[in-house]
Amino acid sequence: MAIFSVYVVNKAGGLIYQLDSYAPRAEAEKTFSYPLDLLLKLHDERVLVAFGQRDGIRVGHAVLAINGMDVNGKYTADGKEVLEYLGNPANYPVSIRFGRPRLTSNEKLMLASMFHSLFAIGSQLSPEQGSSGIEMLETDTFKLHCFQTLTGIKFVVLADPRQAGIDSLLRKIYEIYSDFALKNPFYSLEMPIRWGQVGWYSRASPFTQPSWAPDPSWCGCFAGGRRQPCWLHKPLQPPRRLCSSCNAWQWC
C-alpha cells in the first residue's frame with residue numbers, strides 16, 4: 001500500500017503544487033548488441049519506442065535507464081544525448097531499461113486542468129443541488145481521492161486501492177497548506193507553492209512568542225554594529241536571516 005501522488009489545484013483549475021512519491025515501474029530490461037533492433041524516436045523531450053515491440057517492450061515505452069544509470073529525458077546520466085549514445089557502436093553491448101514515460105510538467109498542468117473540468121461536470125450532473133462533486137475515482141490499480149475546500153481549492157491524492165485513512169490525510173494536507181502557505185506573508189494566493197517560500201516555517205512559528213523566551217537583552221544578535229532582538233522577541237513579523245552569533249532568526 002502506498003501514496004503515489006499529491007496534487008493541489010486552485011479554484012481556476014491551475015496546478016499550484018504537485019509531489020510524486022513513486023518511481024515508474026520498469027516493464028522490461030534487456031541487453032542489446034549493435035545495431036539496435038528497435039526504432040527509437042524523440043518525442044516531447046523523451047526517447048520513446050516507435051517500432052519493434054518485443055520481449056515485454058511496447059510501442060510508447062520510454063528509455064528509463066542505460067547500463068543501470070537513470071536517463072533524464074533525452075540525456076544520459078553524464079549529459080550525452082541518448083540517441084547519439086545508442087548510435088555509437090563503441091558503446092555496445094548496452095543494457096536498456098524500458099517503461100512507461102514519466103509525466104512532464106506540462107502534462108501535469110494539463111491533467112490538473114482536465115480534472116477541474118470533470119469535477120465541475122460531475123457537480124452539474126448531480127440530480128440534487130449542492131453536490132460536492134467528485135470525491136473518489138476507483139480503478140484496478142489506484143484510487144483518486146479529492147477534497148475541495150469552501151474556497152474552491154482541491155486537494156487530490158492518488159493512492160493504492162487498499163490504502164486506508166485517505167480522508168484524514170487530505171484534511172491534514174489542508175491543515176498544512178493553511179499553516180505553511182496561507183500564513184506566509186510572501187505567498188500570493190492562487191500562485192504555485194515553492195518550498196523556498198515556506199521553508200522558514202520549519203522552525204518554531206514566528207507568529208507567537210514562546211512563554212520561555214528570555215528578555216531581548218539576553219540575545220547576542222548584532223546587525224550593523226547595533227543590538228537587535230531575534231525572532232523570539234518580536235512576534236507578528238516574518239524573519240529575515242539567520243544570525244551567526246546566536247543561531248536564531250534576526251530582524252532587519
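## Aromatic rings

Two rings of Phe, Tyr or Trp (the six-membered ring in Trp) pair when their centres lie within 6.5 Å. With that rule in hand, let us look at this predicted model. A search of the whole structure finds six aromatic pairs. One of them joins phenylalanine 155 and tyrosine 174, with 5.5 Å between the ring centres and 45° between the planes. The pair counts as tilted because its angle falls between the limits of 30 degrees for stacked and 60 for edge-to-face.

Where in the chain do phenylalanine 155 and tyrosine 174 sit? Phenylalanine 155 belongs to strand 11 (residues 154-159) and tyrosine 174 to helix 3 (residues 166-182), so the pair links distant parts of the chain, 19 residues apart. The two partners also have their own levels of cover: phenylalanine 155 is buried at 1% relative accessible area, while tyrosine 174 is partly exposed at 30%. Ring pairs build a cluster here, made of Phe147, Phe155, Tyr174 and Tyr177.

## The chain as a whole

The protein has 252 residues, and 37% of them count as buried. Its secondary structure comes to four helices and 15 strands. Taking contacts between residues at least 6 apart in sequence, 49% join residues that are at least 24 apart. The protein exposes about 15300 Å², and carbon and sulfur atoms supply 54% of that area.

## Two nonpolar cores

The largest nonpolar core holds 18 residues, and those touching the most other members are Phe32, Leu40, Val63, Leu86 and Phe98. Which elements give two or more residues to this core? They are strand 3 (26-32), strand 5 (46-51), strand 6 (62-66), helix 1 (82-86) and strand 8. Leucine 86 is a handy place to start exploring. Leaving aside residues up to four places away in sequence, leucine 86 touches Tyr34, Leu36, Leu40, Ile66, Tyr92, Val94 and Ile96.

Another core, of 15 residues, lies apart from the one around leucine 86. Its members include Phe147, Ile153, Val157 and Ile173. Phe147 also appears in the ring cluster described above.

## Histidine 145

Is histidine 145 buried or exposed? Histidine 145 has 9% relative accessibility and counts as buried, because the limit for that class is under 20%. This histidine is found in strand 10 (residues 143-148). Beyond residues up to four places away in sequence, histidine 145 touches Glu135, Met136, Phe155, Val156, Val157, Ile166 and Leu170. Phe155, one of these contacts, is the ring that pairs with tyrosine 174.

## Salt bridges

Side chains of opposite charge can pair when their charged atoms come close. How many salt bridges are counted here? The count comes to ten. In one of them, the closest N and O atoms of aspartate 37 and arginine 54 are 2.1 Å apart. Aspartate 37 lies in the loop between strand 3 and strand 4 (39-43), and arginine 54 in the loop between strand 5 and strand 6, 17 residues apart. Both are partly exposed: aspartate 37 has a relative accessible area of 42% and arginine 54 has 24%.

Arginine 54 also meets aspartate 55 in a salt bridge, at 2.9 Å from N to O. Aspartate 55 counts as exposed, with 53% relative accessibility, because the cut-off for that class is over 50%. Elsewhere, arginine 97 in strand 8 and aspartate 70 in strand 7 (residues 69-70) are 27 residues apart, and they form a salt bridge whose closest N and O atoms are 3.2 Å apart. Aspartate 70 is partly exposed at 45%. Through shared partners, salt bridges join Lys30, Asp37, Arg54 and Asp55 into one network.

## A nonpolar surface patch

Which residues make a nonpolar surface patch of about 360 Å²? They are Leu103, Met110, Leu111 and Met114. Leucine 103 lies in the loop between strand 8 (94-99) and helix 2 (105-125). Leucine 103 is partly exposed, and its relative accessible area of 40% meets the patch requirement of over 30%.

Definitions and conventions: Residues are numbered from 1 along each chain as its sequence is written. This is a predicted model: local features need pLDDT of at least 70, side-chain atom pairs count only at pLDDT 80 or more; totals for chains, interfaces and linings use all residues. Side-chain values use heavy atoms; hydrogens and water are left out. Patches are made of residues with over 30% relative accessible area and no salt bridge: like charges are joined within 9 Å, nonpolar side chains (Val, Leu, Ile, Met, Phe, Trp, Tyr) within 5 Å. Accessible areas come from the Shrake-Rupley method with a 1.4 Å probe; for residues, only the protein chains shown count as cover. A salt bridge is a side-chain nitrogen of Lys or Arg within 4 Å of a carboxyl oxygen of Asp or Glu. Buried means under 20% relative accessible area, exposed over 50%, partly exposed in between (1.4 Å probe, protein chains only). A nonpolar core is a set of buried Ala, Val, Leu, Ile, Met, Phe, Trp, Tyr and Cys residues joined through side-chain atoms within 4.5 Å. Contact means heavy atoms within 4.5 Å.
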